[in-house]
Amino acid sequence: MAESKRYWLMKSEPSVYSIGDLQRDGSTSWEGVRNYQARNFMRDDMRLGDGVLFYHSNAKPMGIYGVAEVVREAYPDDTAFDPTSRYHDPKSDPAQPTWLMVDVGYVRTFTAPITLAALKEIPGLEAMMVIRKGSRLSVQPVTPQEWDVVMRIASE
DNA sequence: GCCAACGTTGGC
DNA sequence: GCCAACGTTGGC
């Protein structure tokens with residue numbers, strides 16, 4: 001039996017990379033993840049075709065702006081080896097890269113973002129990681145149920 | 001701009 | 001192995 005599709009939420013500061021940038025580019029490499037838990041999700045669980053909620057953090061307003069999908073599974077994040085990169089990590093050995101990235105492709109932008117404030121009020125999303133105070137994980141799993149709720153809200 | 005929450009580092 | 005100090009994230 002085929003593995004079923006999984007769902008994710010990925011955060012980006014729009015001043016760094018926005019969903020508008022992704023729409024323009026079509027797809028992008030998701031470099032710069034420097035958290036082991038987030039890396040492990042990308043390495044161990046994220047598969048081609050998985051759905052991604054595109055979240056803007058440090059934004060006005062903060063929230064889910066649209067949908068992307070995984071178009072390439074985890075591979076080494078070479079920005080870790082670039083001393084001029086803001087994501088440079090001198091401890092990462094090119095022969096055994098510490099950090100990985102995936103590629104995500106643009107799917108669609110919601111007609112209106114589902115704001116963080118709104119997410120907190122939606123029945124069925126109470127357990128969503130992103131609404132928890134202090135939740136800093138930039139790559140988070142989303143349950144199929146949560147995904148369905150978000151898609152339903154987005155189409156209203 | 002502030003600061004709480006969190007992950008990482010390093011001294012012991 | 002513990003935990004204080006530190007740097008960063010990210011909501012407010």
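Start with helix H4: its buried residues pack against E1, strand E3 (51-56), E4, E5 and E6. Keep in mind as you go that this is a predicted model.

**Stop 1: helix H4**

Select residues 144-154 to bring up H4, then pick out its buried residues: Glu146, Trp147, Val149, Val150, Met151 and Ala154. The spacing of those numbers is worth a look, because in an α-helix there are 3.6 residues a turn, so residues three or four places apart point the same way.

While you have this helix on screen, add glycine 124 and draw a distance to aspartate 148. Their C-alpha atoms are separated by 9.8 Å, with the two positions 24 residues apart along the chain. Glycine 124 sits in the loop between helix H3 (116-119) and strand E6 (139-142). Its relative accessibility is 41%, so glycine 124 counts as partly exposed.

**Stop 2: the largest pocket**

Next, turn on a pocket surface. The largest pocket holds about 630 Å³ of space. Which residues should you select to find its centre? Try Lys11, Glu31, Gly32, Tyr87 and Ser138, the closest to the centre among the 19 residues of the lining. Two elements give two or more residues to this lining: strand E1 (7-12) and strand E2 (27-29). Colour the lining by class and you should find six nonpolar, seven polar and six charged residues.

Stay with Tyr87 for a moment, and add serine 85. A polar atom of the serine 85 side chain lies 2.9 Å from the backbone nitrogen of tyrosine 87. Serine 85 belongs to the loop between strand E4 (63-76) and strand E5 (100-115). Is serine 85 buried or exposed? Its relative accessibility is 17%, under the 20% cut-off, so serine 85 counts as buried.

**Stop 3: the second largest pocket**

Now move to the second largest pocket, with a volume of about 190 Å³. Select Tyr55, Leu116, Val130, Arg132 and Ser135, which lie nearest its centre out of 13 lining residues. By class, this lining has five nonpolar, four polar and four charged residues.

**Stop 4: DNA strand C**

Keep Tyr55, Leu116 and Ser135 selected, since they are also among the residues around DNA strand C. To complete the set, add Lys11, Ser57, Asn58, Met62, Lys120 and Arg136. This surface has three nonpolar, three polar and three charged residues.

Three contacts to phosphate oxygens of this strand are worth zooming in on:

- Arginine 136 places a backbone N or O atom 2.7 Å from a phosphate oxygen of DNA strand C.
- Lysine 120 has a polar side-chain atom 2.9 Å from a phosphate oxygen of DNA strand C.
- Asparagine 58 has a polar backbone atom 3.3 Å from a phosphate oxygen of DNA strand C.

How much of DNA strand C within 4 Å of the protein is sugar or phosphate? Those groups hold 71% of such atoms, and bases make up the rest.

**Stop 5: DNA strand B**

Finish with DNA strand B. Arg136, which you already have selected, is one of the residues around it, together with Asn35, Tyr36, Lys91, Lys133 and Gly134. Of the atoms of DNA strand B that come within 4 Å of the protein, sugar and phosphate account for 65%. Zoom in on lysine 91, where a polar side-chain atom lies 3.4 Å from a phosphate oxygen of DNA strand B. Coloured by class, the surface near this strand shows one nonpolar, two polar and three charged residues.

Methods:
Residues numbered from 1 in each chain as written. Chains lettered and ligands numbered in written order. Predicted model: local features only at pLDDT ≥ 70, side-chain atom pairs only at ≥ 80, totals over all residues. Heavy atoms only, no water. 1 Å grid on protein atoms, 1.4 Å probe; cavity = no way out; pocket = protein on both sides within 12 Å on 5 of 7 lines; lining within 4 Å. Points joined across faces, edges and corners; volume = space filled by probe spheres on them. Helix = DSSP H or I, 4+ residues; strand = E, 2+ residues; numbered from the N terminus. Nonpolar A, V, L, I, M, F, W, Y, C, P; charged D, E, K, R; others polar. Near = heavy atom within 4 Å. Polar contact = N/O pair within 3.5 Å; in protein donor to acceptor, adjacent residues only side chain to side chain. Buried < 20%, exposed > 50% of the residue type's maximum accessible area, 1.4 Å probe, protein only. Contact = heavy atoms within 4.5 Å.
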